[in-house]
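Visitor: Please take a close look at one sheet and the helix that lies across it.

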Amino acid sequence: MIYRQHLLKALFPLILIILGLILQPSWSYALTPDQVPNPYQTSNNWVTDLANVIDSPTERQLNQMISDLEGTNGAEIVIVTVPQINQDFTPKQFTTELFNRWGIGKADQDNGILFLTSVGDRAVEIETGYGMEGILPDGRVGRILDTHVVPYFRNDDFNNGILAGTQALIQVVQDETFDFTLSPVSYVPNLLWILSGIAAFFAYPFYQFSRKKSQEPLFVNLGDYTKITGFEAREKLIYLGLRVSVFFLLFTLTAIPVILTLYAAPNLALLSGVTILLLLFLFLLYKSNTLSQILETLKTSDSSTRSMIVIFCPIGAAIVIFLLLYLDWHLIGDILAVSLLGMLIPRYQRISTSIPIIFLAIFGSLSFFFIWTMYYDEVWGYVPTLLGALTEGLGRISSAILASLAISGLGCFPLARNLLKWQFNMEKERHILIPIYDAESQVPMERLEDETVQLILTEHQKVAQDLGNMKFEGWCIPGEGTVARENVYLKGYVQSKGWVGYGYLECPVGQELTVSKKSKQLKRPTETSTGLRRITESCQCCDYLKEYDEVIPRLSSSSSSSSGRRSSGSTGRSSRSGGSRGGGRSGGGGAGRRF
């Protein structure tokens with residue numbers, strides 16, 4: 001018994017030594033931020049591998065890639081691996097403190113990234129500086145981790161996971177401009193010059209085709225009546241040729257600035273092309289006297305309309321400023337571009353160019369982006385600009401060409417309409433593009449005044465006009481004296497906005513759009529039986545009345561569910577140029593994953 005006690009006393013120090021050796025890794029490897037050496041200070045490099053999970057060739061490759069990135073646009077990426085983080089810190093807290101302690105990124109640009117892996121904690125974090133948050137919002141960082149890093153880490157392949165993640169980060173950041181003295185010289189590839197030259201070559205002949213067609217007279221017979229929806233056959237060719245010409249011209253003018261901006265400032269690429277469209281649109285508004293008509297309309301509008309404009313403008317501006325403060329600044333160029341396109345695209349310019357619609361377009365676009373970022377921040381964060389997805393998938397050239405095609409296709413409609421008014425002397429609310437001649441006498445005809453046209457209209461035509469469904473024009477031979485229906489060529493234009501005649505039907509008696517259509521449900525449909533509705537058609541001019549029953553199809557049994565994810569997100573700040581290495585601040589952005 002005494003021997004055993006002496007043996008235990010003799011082994012006790014040895015036991016303590018063994019326990020110390022066992023516990024030593026957790027004491028020494030559970031690090032705090034001040035225990036991690038800064039790789040730039042120790043080796044003038046970018047990698048600190050305390051966990052010893054990166055092999056030498058990969059470490060040299062990482063240092064070279066990051067050095068090349070810094071030389072291109074000044075961005076900095078620091079890679080750190082640690083065995084384990086001290087329990088007083090979460091991985092996010094540890095990464096943020098280490099980022100700020102080292103001041104990763106340039107002082108006046110905050111363009112740093114910290115890529116930290118804690119092997120023992122099975123955690124990875126990517127921290128971004130303020131200047132990086134618009135380029136790498138939380139959702140996009142999370143997507144990079146999920147796609148390029150975590151699959152490797154789950155198989156304990158830290159070497160390739162860190163390499164793949166760093167390559168993904170560099171791919172996103174390398175095209176941004178933080179220090180304009182380091183930005184690469186932009187160039188326009190030969191392919192774009194060739195495409196622009198071809199587009200410019202085709203614009204002129206299509207324009208001349210429209211001009212030639214507009215000078216060929218239309219021969220008509222006195223007493224005839226033609227009802228037209230939109231344009232006549234030859235007028236459609238004129239309008240089509242003009243649209244194609246404008247399309248080619250717009251592509252020539254927008255493709256080059258779009259791709260130049262896509263190289264220098266990608267978030268402004270779409271806006272650069274739309275700005276060209278807007279300038280041309282305003283020029284044609286001025287030349288076609290549409291702009292002066294709009295201003296005159298605003299001047300002569302009633303006091304309530306002007307009051308609404310005065311009240312709405314500051315309120316709308318305040319809301320816009322609030323949304324701008326919330327949204328990622330890198331989206332602002334695209335938001336403005338979409339707003340301007342939304343303002344120009346509507347068919348009727350008296351609506352599309354009014355001051356309230358301009359504010360509504362911008363406010364509506366901002367509201368849409370606001371709601372989108374609130375509920376789908378992770379998804380939207382993966383695509384920071386509208387051209388981002390195309391650029392990542394197709395490259396700059398292809399995405400610039402597609403964006404220019406879209407701008408040209410949308411912009412050719414409003415520009416062609418104003419070009420018709422200017423070069424083809426198309427009067428306000430009148431579709432005629434070609435001269436009208438009498439087929440018998442071969443002499444040109446002149447248009448009658450609207451008051452004179454009213455004297456020769458039938459009752460059905462007058463009612464259709466009062467309902468806003470039709471607009472009539474009369475043409476006669478000059479010097480004919482008294483105007484009678486038999487010596488007037490009458491044209492009736494269907495005034496449709498999306499639906500022919502505002503939903504009115506043609507009366508079988510008067511052959512005009514004077515029949516209204518109403519329905520009344522007689523039997524409600526269910527999932528097992530059909531329903532029944534009664535349709536009543538009645539003319540607003542004569543006694544025509546028609547009633548009939550119509551079967552309502554059975555209801556389909558379907559259910560839908562939707563869910564939205566709310567993400568806290570973070571507000572990005574635009575990057576700033578200038579500064580030297582060190583001094584960057586963390587914006588609190590980034591993402592982390594457990595594996």
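Guide: Helix 19 (residues 459–466) lies across strand 8, strand 11 (470–476) and strand 12, and runs at about 130 degrees to strand 11. Axes here are lines fitted to C-alpha atoms, for helices over the stretch in contact (heavy atoms within 4.5 Å), with angles from 0 to 180 degrees between N-to-C directions. Helices (H or I, at least four residues) and strands (E, at least two) are DSSP runs, numbered from the N terminus.

This is a predicted model, in which local features need pLDDT of at least 70, side-chain atom pairs count only at pLDDT 80 or more, and totals for chains, interfaces and linings use all residues. Residues are numbered from 1 along each chain as its sequence is written, and side-chain values use heavy atoms, with hydrogens and water left out.

The sheet beneath this description is open, with 4 strands in the order 8-12-11-10 and mixed pairing; two strands pair if DSSP finds at least two bridges between them. Strand 8 (225–228) and strand 10 (446–447) are the edge strands, each pairing on one side only. The partner of strand 8 is strand 12 (residues 489–494), in the parallel sense over 4 bridges. Within strand 12, Tyr493 stands opposite Ile228.

As for the setting, the protein has 19 helices and 17 strands. Of its 595 residues, 43% are buried, that is, under 20% relative accessible area with a 1.4 Å probe, protein chains only. Among contacts with a separation of 6 or more, 74% join residues 24 or more positions apart.

Terms used:
Buried < 20%, exposed > 50% of the residue type's maximum accessible area, 1.4 Å probe, protein only.
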